[in-house]
Amino acid sequence: MSFLRRKTAGEAVFDAVNNVMMLIICFLTLYPIWYVLVHSFNDGADAMQGGIFWVPRVFSLDNYRAVFASSGIMTAMGVTVAKTLVGTVIHVFFTAMVAYAYSRRELIGRSFYMIVGTITLFFGGGLIPTYLLIRDLGLLDSFWVYIIPAMFSFFDLIIFVSFFRELPDALEEAAKMDGANDFKIFYSIVLPCSMPVVATIALFHGVYQWNDYFTGMIYINDTNLQPIQTFLYRVVAQSSSNQMMAAVPGLAAQTVTSQSIKLATMVVTTLPIVLAYPFLQKYFVKGLMIGSIKG
C-alpha cells in the first residue's frame, strides 16, 4: 500500500495560487529595499530624471563618499554600536536574574508580582511623566539614558520564565547538594543551559537598540551622543544632507542630490542589522516557540 497520494485538481490549483501569492508578497516586501539600494549607487542628478527600477543607470559612489565624509555619521555609528552592545548585555542579564526569581515556586507573592507586571504591558505613565523622571534622574544628555530605562522588560521576562520552568529540577537539586547557592546555580547552571532564550532576547533587544531613534530625539541635545537612527531622522527631516554634500572637498555638486544622500544614509544605517539578522534568525524562530509546546 502506497502512502503517497496524487493531488486533486483543486489542490494543485490551490498550491499554485498559494505559491504565486507568496512570490508576490516577497516581491512587494523586498523591492522597496532593492529600489533604495539601486538609487543609492546611482548618480544623484541622473536619478532625478526617473526611470531607474532594477539596476543603476549611471553607477556612482559619490553618495557614499558624501555620507562617510561627515564626521557626524561616524560618531553616531559609534554611539549606536556602543549602546547596542552595552544595552543588550545589561538588559539580558538583569532581566534574566529577575525572571529566575519569578520562576521559583517558593517566591512569596509571585502571583501578585505577575499581575502588577502584566498591568505595565498595557498601561504606562506617558511621555511627559517619563521625561520628567528622566530629567530628575539626571539622564538628559547622558549615554546612560539609552541603557538604564531599557534594562528591564516584562515581556522578555515572560519568555525567560517560560524557558526556566522547562529546565529539569534535578539540575538545581544536584547543585544544592554540592553546596551551591542560588546565585551560583543561576550563573553556572541556568544561564549556560538557557543560551537559546538568551540569544533570542539578545536579538530582540539588540534590534530595538539599533533601531531606536526616539530616545535620542527626545532626551539628547548633544549631537555627539545621538545614535545613527536619530542622525538619519534629522537628515531626512531637515536639510542636513545639503551640509553633508558641502563637507566633501572636490565633490562635483552635479553628481549628488539631497535625495541621493538620504538614500545612501538609509543603506548605511540599516545594512549592519540586516546582515546580522540571518545568523540569528533560528534563535528568533525558536524564541517564538518557547513555552508553546508542552509534554
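**Helix packing, core and aromatic pairs**

Student: At what angle do helix 9 (residues 182-193) and helix 10 (residues 195-211) pack?

Tutor: In this predicted model, local features need pLDDT of at least 70 and side-chain atom pairs count only at pLDDT 80 or more, while totals for chains, interfaces and linings use all residues. Residues are numbered from 1 along each chain as its sequence is written, and side-chain values use heavy atoms, without hydrogens and water. The axes, lines fitted to C-alpha atoms over the stretch in contact, lie 5 Å apart, and helices 9 and 10 (DSSP runs of H or I, at least four residues) pack at about 75 degrees. Because angles of 65 to 115 degrees count as roughly perpendicular, helix 9 is, relative to helix 10, roughly perpendicular.

Student: Which helix supplies the largest share of the largest nonpolar core?

Tutor: A nonpolar core joins buried Ala, Val, Leu, Ile, Met, Phe, Trp, Tyr and Cys residues through side-chain atoms within 4.5 Å, buried meaning under 20% relative accessible area, exposed over 50% and partly exposed in between (1.4 Å probe, protein chains only). The largest has 22 residues. Helix 4 (71-103), helix 7 (154-164), helix 9 and helix 10 each give at least two. The largest share, 7 residues, comes from helix 7.

Student: Is Tyr31 buried or exposed?

Tutor: Tyr31 lies in helix 1 (residues 9-40), 4 residues from Phe27. Phe27, at 42% relative accessibility, counts as partly exposed. The relative accessible area of Tyr31 is 19%, so Tyr31 is buried.

How values were computed: Axes are lines fitted to C-alpha atoms, for helices over the stretch in contact, and angles run from 0 to 180 degrees between N-to-C directions. Angles under 35 degrees count as roughly parallel, over 145 as roughly antiparallel, 65 to 115 as roughly perpendicular and the rest as oblique.
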